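Please read the following account with the model open beside it, moving from one element to the next as the text does.

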Amino acid sequence: MSQTTTITESQKGPRTVTLNTGSVYTFNSNESTTLEKIPTIDASRIWSEKLEERQAAAEEIREASQNIGFFYLVNHGIDPKYAEEAMNQAKRFFALPEQKKMEVFTGLVPNEYVGYHPMECYNRNGWKYQDLSEAFNWAYDAAEDPEAVDKGQSSVSIWPSDLPGFREGLYAYHNQLLRLSRRLARIFALALHLPEDYFDEYVKHPEAGMRILRYPEQKHSVEEQNGIGAHTDVECFTIVTQDLSGGLEVLSKNGNWVKAEPIPGSFVVNIADCFMRQTNEFFVSTVHRVINKSGGERYSAPFFFGFDRNKLLEAVSTCVSDENPMKYPIMTGGEYYEWRTNRQKRTNTYNANAEKAEEVR
């Protein structure tokens with residue numbers, strides 16, 4: 001799930017982006033660059049039986065997570081057929097009539113980000129035109145998780161009727177990414193110089209939402225519109241599946257928008273805000289956006305992985321000291337998620353139509 005931001009511009013000089021948590025970032029120009037690079041990490045080692053190989057991968061992830069908060073993951077072991085099927089299901093859903101998609105409008109589910117987010121329903125940065133994208137979100141479902149400790153726990157997701165294979169196709173891919181994320185949680189523990197099983201209890205019932213998005217080609221300039229405006233993600237880390245259209249851009253520490261150009265078969269992984277809080281800002285949750293000037297539609301499928309909502313977002317021991325105390329108040333992951341969800345959904349311009357959507361449903 002993303003976070004709303006506000007962009008301001010002076011007459012001359014850099015621009016600033018202010019997140020709704022109060023954090024302020026500066027960027028030099030709306031023009032993006034390929035001169036700065038996002039690191040690529042070979043994920044085959046995270047499955048190795050040799051601890052030293054897992055630690056080597058963890059050290060590379062540690063450096064990337066600290067320096068830019070983004071990295072490509074290659075050789076991750078997930079069959080591309082799952083991504084292809086998820087993208088096909090995305091195209092089926094977004095081709096439905098608006099009235100049908102509004103049966104699962106996100107405004108029908110308080111305190112959660114699941115359901116359909118209509119085209120141009122947000123304007124994260126206050127540009128002249130609304131963000132040009134639409135999305136469908138669904139949540140973790142213990143009944144679909146082969147490793148669930150309690151399959152009786154209910155899910156908050158809502159699903160469209162009369163769309164056979166849609167739910168099944170999306171959860172098939174979700175389960176593959178869930179397995180990868182649990183392994184990455186162990187690698188992140190090593191990256192933080194903690195015991196490898198440090199986060200195991202946090203991921204038995206994870207916050208593991210996912211979304212599919214469609215971005216039409218933008219006709220307006222980047223000065224007037226984004227596909228999705230500058231934001232950070234909420235949970236611990238995000239695994240992004242993107243097509244070959246390009247458009248994802250990352251704000252570097254130097255204040256430049258860096259293109260996350262597609263690498264076939266790879267994932268883009270980024271640190272999100274809960275992990276930045278728990279690591280006391282050792283890991284960085286980096287601002288990013290999407291600008292679709294590809295000449296056609298763009299599809300993506302980000303998987304948002306976080307820890308059990310009932311667990312406290314306490315700083316990990318290797319990231320705090322007497323000289324570097326915890327920078328954030330302690331709350332549960334669920335409390336933080338609900339606060340952020342409601343701040344975002346209040347900006348949804350379709351909320352006024354929730355009652356109408358309920359009638360359609």
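What follows is a walk through a predicted model, beginning with one strand and its partners and then turning to charged pairs, a second sheet and one acidic residue.

A convenient place to begin is strand E9, which spans residues 207-215. Nine of the nine residues of this strand are buried, so E9 is largely enclosed by the rest of the structure. In a regular strand the side chains alternate between the two faces of the sheet. In E9 both faces are covered, with Glu-207, Gly-209, Arg-211, Leu-213 and Tyr-215 buried on one side and Ala-208, Met-210, Ile-212 and Arg-214 buried on the other.

The partners of E9 can be taken in turn. Strand E8, residues 134-138, pairs with E9 in the antiparallel sense over five bridges, and within this pairing Asn-137 has Arg-211 of E9 as its bridge partner. Strand E16, residues 298-306, also runs antiparallel to E9 and is joined to E9 by seven bridges; here Gly-209 stands opposite Phe-304 of E16.

Charged side chains provide another set of links. Side chains of opposite charge can pair when their charged atoms come close. The structure holds 22 salt bridges, and one of them is formed by Arg-15 and Glu-223, whose closest N and O atoms are 2.5 Å apart. Because Arg-15 lies in strand E2 (residues 15-19) and Glu-223 lies in the loop between E9 and strand E10 (228-231), this pair ties together parts that are 208 residues apart in sequence. Are the two partners buried or partly exposed? Arg-15 has a relative accessibility of 8% and therefore counts as buried, whereas Glu-223, at 36%, counts as partly exposed.

A salt bridge also joins the side chains of Arg-309 and Glu-112, with an N to O distance of 2.9 Å. Arg-309 is in the loop between E16 and helix H6 (333-345), and Glu-112 is in the loop between helix H3 (98-101) and strand E7 (115-117), so the pair ties together parts that are 197 residues apart in sequence. Arg-309 is partly exposed, with a relative accessible area of 26%, while Glu-112 counts as buried at 10% relative accessibility. The side chains of Lys-100 and Glu-103 meet in a salt bridge as well, at 3.4 Å from N to O, and both Lys-100 and Glu-103 are buried. Beyond these pairs, Glu-98, Lys-101, Glu-134, Arg-214 and Glu-297 are linked in a network of salt bridges; Arg-214 is one of the buried residues of E9 named above.

Strand E10 leads to a sheet of five strands, which is open, has mixed pairing and follows the order E4-E13-E12-E15-E10. Its edge strands are E4 (32-33) and E10, each of which pairs on one side only. E10 and strand E15 (residues 288-290) run antiparallel and are joined by two bridges, with Ile-228 standing opposite Val-290 of E15.

The last stop is Asp-145, which is found in the loop between E8 and helix H4 (166-191). With a relative accessible area of 1%, Asp-145 is buried, and its side chain reaches the backbone nitrogen of Glu-147 at 2.9 Å. Which residues is Asp-145 in contact with, leaving aside its neighbours within four places in sequence? With those neighbours left aside, Asp-145 is in contact with Tyr-140, Lys-151, Asn-175, Leu-178, Arg-182 and Lys-204.

How values were computed
Residues are numbered from 1 along each chain as its sequence is written. This is a predicted model: local features need pLDDT of at least 70, side-chain atom pairs count only at pLDDT 80 or more; totals for chains, interfaces and linings use all residues. Side-chain values use heavy atoms; hydrogens and water are left out. Buried means under 20% relative accessible area, exposed over 50%, partly exposed in between (1.4 Å probe, protein chains only). Helices (H or I, at least four residues) and strands (E, at least two) are DSSP runs, numbered from the N terminus. Two strands pair if DSSP finds at least two bridges between them. A salt bridge is a side-chain nitrogen of Lys or Arg within 4 Å of a carboxyl oxygen of Asp or Glu. A polar contact is a pair of N or O atoms within 3.5 Å; within protein, one must be able to donate a hydrogen and the other to accept it, and residues adjacent in sequence count only if both atoms are side-chain atoms. Contact means heavy atoms within 4.5 Å.
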